[in-house]
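Biologist: I am new to this protein and would like to go through its model step by step. Could we put the sequence and the structure up before we begin?

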Amino acid sequence: MANSSRTLLIICAGLVILAGCSAPTAPASDGGESPQPASGDATVEGTTEVHFINVGQSVATLIIGPTGETMLIDSGHFNDDGEYVLQYLQQQNIDRIDYFVTSHNDADHIGGNAAVINYFETEADGIGAVYDPGIAAGTETYSEYLDAIEQHEVTLYETREGDSIPFENVSVQVMGPPDPYLESEARNENSIVLKLTYGQTSFLFTGDAEDDQEAYLVEEYGSQLRATVMKAGHHGSKTSTSGALLDAAQPQAVIISSEFDSRYDHPNEATLQRLAERDIATYWTATQGHVVLTSDGAQVTVATQRSAPTEPMRLRDGSPVELGTTTDAERRATITGTGVTDATSTATPVATDGGTDSGAGSGEGTLALKSVNADAEGSDRDNLNDEFIVLENTGDGSLDLSRWTVSDEAGATYTIPDGTTLAAGATLTIHSGSGTDTEADLYWGSSSPIWNNAGDTVIVSDENDATVLREAYE
């Protein structure tokens, strides 16, 4: 992997050379500041928002971290000069972009770069730094982008695999482009690829990566690509969002950014078929408008401007949302470790004592927390299976616990396997470590302790994400 980021010299002569060469690669020679690694254990306090802005046959994504820091990934198409991106940023009262990431220098991704830089540097609180993969383009849009950087003396970092972006309390991993570049420096195949992690949730941004970079990512990172939500590569083109990448990332939802009547046939039917085969909820900015994801570190809520089908093969049944539409996004669904639950779904009835109606037999099942063994014998970390909780059905009927979730106050979450039934009067022990599941014992599979010895909260939710049990212990 690459080492720390390379700083690009922002001087007039350097920009002229940069625009005419295949890649700006000059390192900082003046002791300038380089991006610092982000913490791998980001604090979970507050929420992180990810806004996929409806910009037609283009892409622009705003991220607002839990402390108010902001990141903008791409800025829309060259033919509207960032109009819709700036409109949206102003509507969200964004007065500064701390991290401005250019996934790659195609005009449909940097179309608003110059306008965004000029606006924030002259009418707002500025741009913290720009992050660029370092492969030039011979277009007027690219030249204007560099001119804006030079004019306002904005720090520009060439960013490659292994670098990091110090987004406060959000872990940011740069997974691409690799060094050396792929495919003779083809811009799409050398997009900046980012994985943002907040608590137990994560977001994978793939730029316009196509088959070669996706194959590289799968081979290099494998299960590290796993993400709650993934942006479809290259606007949902046939050569992106491969089955191998989807199987490695295992997203609960995928976001596609393209226009409704795309002349490039985006999203392609083959891509939609791959998503459908994996039953992945798919949100398309063309029919849903702005898509706003909000993570509390444990789950992600989905809000869109328009309600439209999310089944991949039915995306085109929705109606197009006109660019510049300013209606607020409304909550549509919640994404948890078990999948996507529609906001209008009817939750399982919750009994007054914290249990749920089992719907089986003449009696009712009632879930209770019987005991917690948070302090394992010896070292908690070395004896994880002696750290456990015991659940009990204190009702008269059985309880089907299939795909219910158990979580702690910090958001660590375990999904109970399908087919798990708790008979009346029976108990179920969930161990933190690894082992073979039985009718009475399940294994979380964690590599570290879950339950805080000094006190924690046990939270059990049903398959519809309704809270069934919430009990604190000291």
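Biologist: How exposed is Gln250, and what is its relative accessible area?

Modeller: This is a predicted model, and in it Gln250 sits in the loop between H7 and S12. Its backbone has a positive phi of about 50° although Gln250 is not a glycine. Partly exposed residues fall between the cut-offs of 20% and 50%, so Gln250 counts as partly exposed, with a relative accessible area of 43%.

Biologist: Thr241 also has a positive phi; is Thr241 buried or exposed?

Modeller: Thr241 lies in the loop between strand S11 (229-231) and H7, and its phi is near 55°. Most residues other than glycine have a negative phi. A residue is called buried when its relative accessible area is under 20%, and because Thr241 has a relative accessibility of 0%, it counts as buried.

Biologist: Which residues are joined by cis peptide bonds in the loop between S8 and S9?

Modeller: Most peptide bonds are trans. Pro177 lies in the loop between strand S8 (171-176) and S9, and a cis peptide bond with omega of about 5° joins it to Gly176. Pro180 is found in the loop between S8 and S9 as well, and here the cis bond, with omega of about 10°, joins Asp179 and Pro180.

Biologist: Turning to the helices, how many residues of H4 are buried?

Modeller: The buried residues of H4 are Asn113, Ala114, Ala115, Val116, Ile117, Tyr119 and Phe120. They pack against strand S4 (70-73), H2, S5, helix H3 (107-110), S6 and H5. H4 is therefore largely enclosed by the rest of the structure, the buried share being 7 of its 10 residues.

Biologist: Which element gives the most to the largest nonpolar core?

Modeller: The largest nonpolar core has 34 residues, of which Ile117, Phe120, Ile127, Val130 and Tyr145 touch the most other members. At least two residues of this core come from each of strand S3 (61-64), helix H2 (83-91), strand S5 (97-101), helix H4 (113-122), strand S6 (127-132) and helix H5 (140-152). The element that gives the most, with 6 residues, is H4.

Biologist: Val130 is among the residues that touch the most other members of that core; which residues does Val130 touch, not counting residues up to four places away in sequence?

Modeller: Leaving out residues up to four places away in sequence, Val130 touches Phe100, Thr102, Ile117, Tyr145 and Ile149, and its list goes on with Val154, Thr155, Leu156 and Tyr157. A second core, separate and of 32 residues, includes Ala129 together with Ile73, Tyr283 and Ile335. To return to what was asked, the residues touched by Val130 include Ile117 and Val154.

Biologist: How many Å apart in space are Val154 and Ile117, C-alpha to C-alpha?

Modeller: Val154 is found in the loop between H5 and strand S7 (156-158), and because its relative accessible area is 3%, Val154 is buried. In sequence Val154 and Ile117 are 37 residues apart, while from C-alpha to C-alpha the distance in space is 8.5 Å.

Biologist: On which side or sides of H8 do its buried residues lie?

Modeller: In helix H8 (residues 269-277), the buried residues are Thr271, Leu272, Arg274 and Leu275. Because they cover an arc of only 155° around the axis, they lie on the same side of H8. The elements that these buried residues pack against are helix H7 (243-249), strand S12 (253-256) and strand S13 (281-284).

Biologist: How do the residues lining the largest pocket divide by class?

Modeller: The largest pocket has a volume of about 720 Å³. It is lined by 21 residues, and those nearest its centre are Gln200, Ser202, Arg226, Thr228 and Gly337. Two or more lining residues come from each of strand S9 (193-198), strand S10 (201-205), strand S16 (330-336) and strand S22 (413-415). By class, the lining has 5 nonpolar, 13 polar and 3 charged residues.

Biologist: What is the volume of the largest cavity?

Modeller: The count comes to 1 cavity of 30 Å³ or more. The lining of the largest cavity is made up of Val59, Ile73, Asp74, Ser103, Ile192, Leu194, Phe205, Gly207 and Lys231, with 5 nonpolar, 2 polar and 2 charged residues. Its volume is about 50 Å³.

Note on methods: Residues numbered from 1 in each chain as written. Predicted model: local features only at pLDDT ≥ 70, side-chain atom pairs only at ≥ 80, totals over all residues. Heavy atoms only, no water. 1 Å grid on protein atoms, 1.4 Å probe; cavity = no way out; pocket = protein on both sides within 12 Å on 5 of 7 lines; lining within 4 Å. Points joined across faces, edges and corners; volume = space filled by probe spheres on them. Nonpolar A, V, L, I, M, F, W, Y, C, P; charged D, E, K, R; others polar. Helix = DSSP H or I, 4+ residues; strand = E, 2+ residues; numbered from the N terminus. Core = buried A, V, L, I, M, F, W, Y, C linked by side-chain atoms within 4.5 Å. Buried < 20%, exposed > 50% of the residue type's maximum accessible area, 1.4 Å probe, protein only. Contact = heavy atoms within 4.5 Å. Arc of directions from axis to C-beta.
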